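These are my notebook entries on a single protein chain. I set down what I looked up, in the order in which I looked it up.

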Amino acid sequence: MSTLLFLNMGLAETILMIFIWLIVMCYPIIGVFCVLDIIRSSKDQNNKVLWAMIVLLIPVVGAFTYLAVGRGKTTLKV
């Protein structure tokens, strides 16, 4: 059972295909979240436009870069 019969792929290829499929399916949700977060942020207009262009023009890398770097430090209010 090390290959999928209908795709003739091994286990590693199958795992890679599932991982890529998850990224492709989840990106629209992450992209919309990033753009809405950019719009609602208190950044100046130039930074908002720049981050929105990065997120929209460099799809996966742009969104994850914004989440890691662009949002800045957030604190939880309890």
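The entries below go from the overall fold to single residues.

**Entry 1: overall fold**

I note at the outset that this is a predicted model. I looked up the secondary structure first and found three helices and zero strands. Along the sequence I read the pattern α-α-α. I then looked up burial for the whole chain: of its 78 residues, 22% are buried. For the accessible surface I obtained about 6,400 Å², and carbon and sulfur atoms account for 73% of that area. I also looked up how far apart in sequence the contacting residues are. Among contacts with a separation of 6 or more, 43% join residues 24 or more positions apart.

**Entry 2: helix 1 and the nonpolar patch**

I asked which residues form a nonpolar patch on the surface. The patch consists of L16, I18, F19, I20, W21, L22, V24 and M25, and together they expose about 820 Å² of accessible area. I checked one of these residues, I20, individually. I20 belongs to helix 1, which covers residues 11-40. Its relative accessibility is 43%, so I record I20 as partly exposed.

I looked up L36 as a further residue of helix 1. L36 has 42% relative accessibility and therefore also goes down as partly exposed. From L36 I took a distance to A52, which is 16 residues away along the chain, and the C-alpha atoms are 9.4 Å apart. A52 is one of the buried residues of helix 2, to which I turned next.

**Entry 3: helix 2**

I compared the length of helix 2 with expectation. The helix runs over residues 45-57, 13 residues in total, and spans 18 Å from first to last C-alpha, close to the expected 18 Å. I then asked which residues of helix 2 are buried. They are K48, W51, A52 and V55. These residues lie on the same side of helix 2, because they cover an arc of only 100° around the axis. On the other side of the helix I found N46 and L57 exposed. I looked up what covers the buried residues, and the cover includes helix 1 and helix 3.

**Entry 4: V55**

I selected V55, in helix 2, for a separate check. With a relative accessibility of 0%, V55 counts as buried, the cut-off being under 20%. I asked which residues V55 touches, leaving aside those up to four places away in sequence. I found Y27, G31, C34, V35, I38, G62, A63 and Y66. I also took the C-alpha distance from V55 to T65, which is 8.3 Å for a sequence separation of 10 residues.

**Entry 5: helix 3**

I repeated the burial check on helix 3, residues 59-70. The buried residues here are G62, A63, Y66 and G70. They fall within an arc of 95° when seen down the helix axis, so I assign them to one face of the helix. V61, A68 and V69 are exposed on the other side. I looked up the partners of the buried residues and found that they pack against helix 1 and helix 2. G62, A63 and Y66 had already appeared in my list for V55. After helix 3 comes G72, and I recorded its phi as positive, near 75°.

**Entry 6: the salt bridge**

I asked how many salt bridges the structure holds. There is one. Its partners are D37 and R71, whose side chains meet at 3.1 Å, N to O. D37 is in helix 1 and R71 in the segment after helix 3, so the pair ties together parts 34 residues apart in sequence. As background, I note that side chains of opposite charge can pair when their charged atoms come close.

I then asked whether each partner is buried, partly exposed or exposed. D37 is buried, at 15% relative accessible area. R71 has 34% relative accessibility and counts as partly exposed.

Note on methods
Residues numbered from 1 in each chain as written. Predicted model: local features only at pLDDT ≥ 70, side-chain atom pairs only at ≥ 80, totals over all residues. Heavy atoms only, no water. Patch = residues over 30% accessible without salt bridge, like charges linked within 9 Å, V, L, I, M, F, W, Y side chains within 5 Å. Areas by Shrake-Rupley, 256 points an atom, 1.4 Å probe, with all protein chains shown as cover. Salt bridge = Lys/Arg side-chain N within 4 Å of Asp/Glu carboxyl O. Helix = DSSP H or I, 4+ residues; strand = E, 2+ residues; numbered from the N terminus. Buried < 20%, exposed > 50% of the residue type's maximum accessible area, 1.4 Å probe, protein only. Expected span 1.5 Å × (residues − 1). Arc of directions from axis to C-beta. Contact = heavy atoms within 4.5 Å.
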